[in-house]
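The exercises below are meant to be worked through with the sequence and the structure side by side. Each one gives a task, followed by a solution that goes step by step.

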Amino acid sequence: MIEPRYRLWVGSGNLVPGAFGPFTWFITDFDQRRHFSVTYAPKVPVENREETEDICIEELKKHLDNLGNGVYGFRFSEPDGPITTSTDLKDDATIYVNDPALSSLGLSFPVKTIYLGSLTELDRLAPLVDKVSYHNTHGATTTAAFKYWFMANGMSRIWYELNDWCRLPRDHPHIVPFDSVVLNDVTGRIVGFTSRFVPGGTLHENNATTRPFRLCWFRQLLSVVDDLNYKYGVMHQDIAARNLLINEDDNLQIFDFNYAISIAEYYTPEHDDVKGVVFTLYEIITLDEHFRDVPHKDQDAEALLQMEWSKHPDVKLDSDIQAFRDVLNDWVSRRKQRRFEPRDTWLSWPHLSEWPLAPRALYGPDGEVTGKEMRPTAALSRRELVRMGEPFWNWERPASYRLAEALSRGDSNGSLPDGAETNESGIGCGSVDTCAVP
């Protein structure tokens, strides 16, 4: 499930000049994949308009569980007062990505594709990441992690990750295999990708207090980092226990390439993966993560190497700390003597240079839709698609738990909302809607 603290996100706002607003914030619920317009029209003057963001998100937390289908948002004047909900299409803040075509990947080799409608949701792992299953061409069931975009914000980073990961080898023993490109059933264009789902949790979720950390796993981490950097020309840039798994063959595997860069294009010394490896080993052994709680440029791995490390009393290792430190120090020393030299095996991938054509509404003097035209565009307004009678993929889904109850308990648990049902196959990922002008 998506933890309550990560469930709501404020994408933008519309702040009318003046102390009384009204102040509207556009808030996304990642669990339901819904967008809400929350408007605060205070009865008393507001000194800092930016502070109304927190007021609006707190108000949405209180009312979210009771906002039925077709409610685009609400308005209020007092934080503890009544709200007025809106089902007016003009308040629909939903913006979709104008998805790129498969050819935009520029691949020189075939890649497996699956359609969004063939996926069955099994779990919601994080914002924009689901655990899913689907039947392959031989009738067998594949379980995968599905990473996607359903809105424009953040899409470029996932697009970049897709381009990188799909070019890495599927058979590398220490890289979670890329699985397939996922296409929208309506347009046939790309909405995300799947990678193989490795059960058992990450090294952060299932840390060395429950499963002894092995020296051979650490050596495997060093090996795959060297392969990524020197063989494939990729800098991961997010080496951390949360991005490391132990697979069924008892091998360490790395995943999550959403911060990865091409060394040939973007490398700078401050973003070297050596830093991530040093911090990761230290955090696994000590369970102390505060040294990384600073901006990336200020993280000092060299200072950490000069410190004496003390194992957390609950952490279990298969070798003493010095053995791990000796391997790390030797590797760091060798890395300092080695340069990045481009090879034929270095990966490169295209940027998203231009957006595909999409219908855009033409309006008359009274605001009525008089026609439409095709032109390149990055984002599509659902409100406009509905007014034009254009089909679109409906990303919205039922809530998986009641937010207010989970927040009141102060934990990550939640119950199914009234009327929601689930089973072993999970909840459907979405549906195709063709809407007439209301």
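**Exercise 1. The second largest pocket**

How much space lies in the second largest pocket? Having found the volume, describe the lining and then one residue in it.

Solution. The model is a predicted one, and in it about 480 Å³ of space lies in the second largest pocket. The next step is to look at the lining, which is made up of 27 residues, with Thr24, Phe26, Ser37, Asp91 and Ala93 the closest to the centre of the pocket. Sorted by character, the residues of this lining fall into nine nonpolar, 13 polar and five charged. Turning to secondary structure, at least two lining residues come from each of strand 1 (8–15), strand 2 (23–29), strand 3 (34–40), strand 4 (73–76) and strand 5 (83–86).

Thr24 may now be taken alone: this residue lies in strand 2, and because its relative accessibility is 12%, below the 20% cut-off, it counts as buried. Leaving out residues up to four places away in sequence, Thr24 touches Gly13, Asn14, Leu15, Ser37, Val38 and Thr39. With Thr39 there is also a polar contact of 2.7 Å between the two side chains.

**Exercise 2. Nonpolar cores and an enclosed helix**

Identify the residues with the most contacts inside the largest nonpolar core, and then establish which residues of helix 3 are buried.

Solution. The largest nonpolar core has 92 residues, and those with the most contacts inside it are Leu162, Phe213, Phe218 and Leu328. Following Phe218 outward, and setting aside its neighbours within four places in sequence, one finds it in contact with Phe213, Val277, Leu281, Phe324, Val327 and Leu328. A second core, separate from the one just described, has 21 residues, among them Ile57, Leu60, Leu67 and Tyr401. As a general background, nonpolar side chains in soluble globular proteins tend to be buried together.

For helix 3, the buried residues are Met155, Ile158, Trp159, Tyr160, Glu161, Leu162, Asn163, Asp164 and Trp165. Since nine of the eleven residues of helix 3 are buried, the helix is largely enclosed by the rest of the structure.

**Exercise 3. The largest cavity**

Which residues line the largest cavity?

Solution. The structure holds one cavity of 30 Å³ or more, and about 40 Å³ of space lies in the largest cavity. Its lining consists of Leu203, Asn206, Asn207, Ala208, Arg211, Pro212, Phe213, Trp217 and Ile284, which divide into six nonpolar, two polar and one charged.

**Exercise 4. Two loop residues**

Is His172 buried or exposed, and what does Trp355 touch?

Solution. His172 lies in the loop between helix 3 (155–165) and strand 11 (178–183), and its relative accessible area of 8% is under 20%, so His172 is buried. Apart from neighbours within four places in sequence, His172 is in contact with Val224, Asp227, Tyr232 and Gln253, while a polar atom of its side chain lies 3.0 Å from the backbone nitrogen of His174.

Trp355 has its place in the loop between helix 8 (321–336) and strand 17 (357–363), and with a relative accessible area of 27% Trp355 is partly exposed. Not counting residues up to four places away in sequence, Trp355 touches Val97, Asn98, Met155, Pro376, Thr377 and Ala378. As a last step, the C-alpha atoms of Trp355 and Asp91 are separated by 26 Å, the two residues being 264 residues apart along the chain.

Technical notes: Residues are numbered from 1 along each chain as its sequence is written. This is a predicted model: local features need pLDDT of at least 70, side-chain atom pairs count only at pLDDT 80 or more; totals for chains, interfaces and linings use all residues. Side-chain values use heavy atoms; hydrogens and water are left out. A nonpolar core is a set of buried Ala, Val, Leu, Ile, Met, Phe, Trp, Tyr and Cys residues joined through side-chain atoms within 4.5 Å. Buried means under 20% relative accessible area, exposed over 50%, partly exposed in between (1.4 Å probe, protein chains only). Contact means heavy atoms within 4.5 Å. Helices (H or I, at least four residues) and strands (E, at least two) are DSSP runs, numbered from the N terminus. A polar contact is a pair of N or O atoms within 3.5 Å; within protein, one must be able to donate a hydrogen and the other to accept it, and residues adjacent in sequence count only if both atoms are side-chain atoms. On a 1 Å grid over the protein atoms alone, a cavity is a set of points where a 1.4 Å probe fits but cannot get out, and a pocket is an open set with protein on both sides within 12 Å along at least five of seven lines; lining residues have an atom within 4 Å of a point. Grid points are joined across faces, edges and corners, and a volume is the space filled by probe spheres set on the points. Ala, Val, Leu, Ile, Met, Phe, Trp, Tyr, Cys and Pro count as nonpolar, Asp, Glu, Lys and Arg as charged, and the others, Gly among them, as polar.
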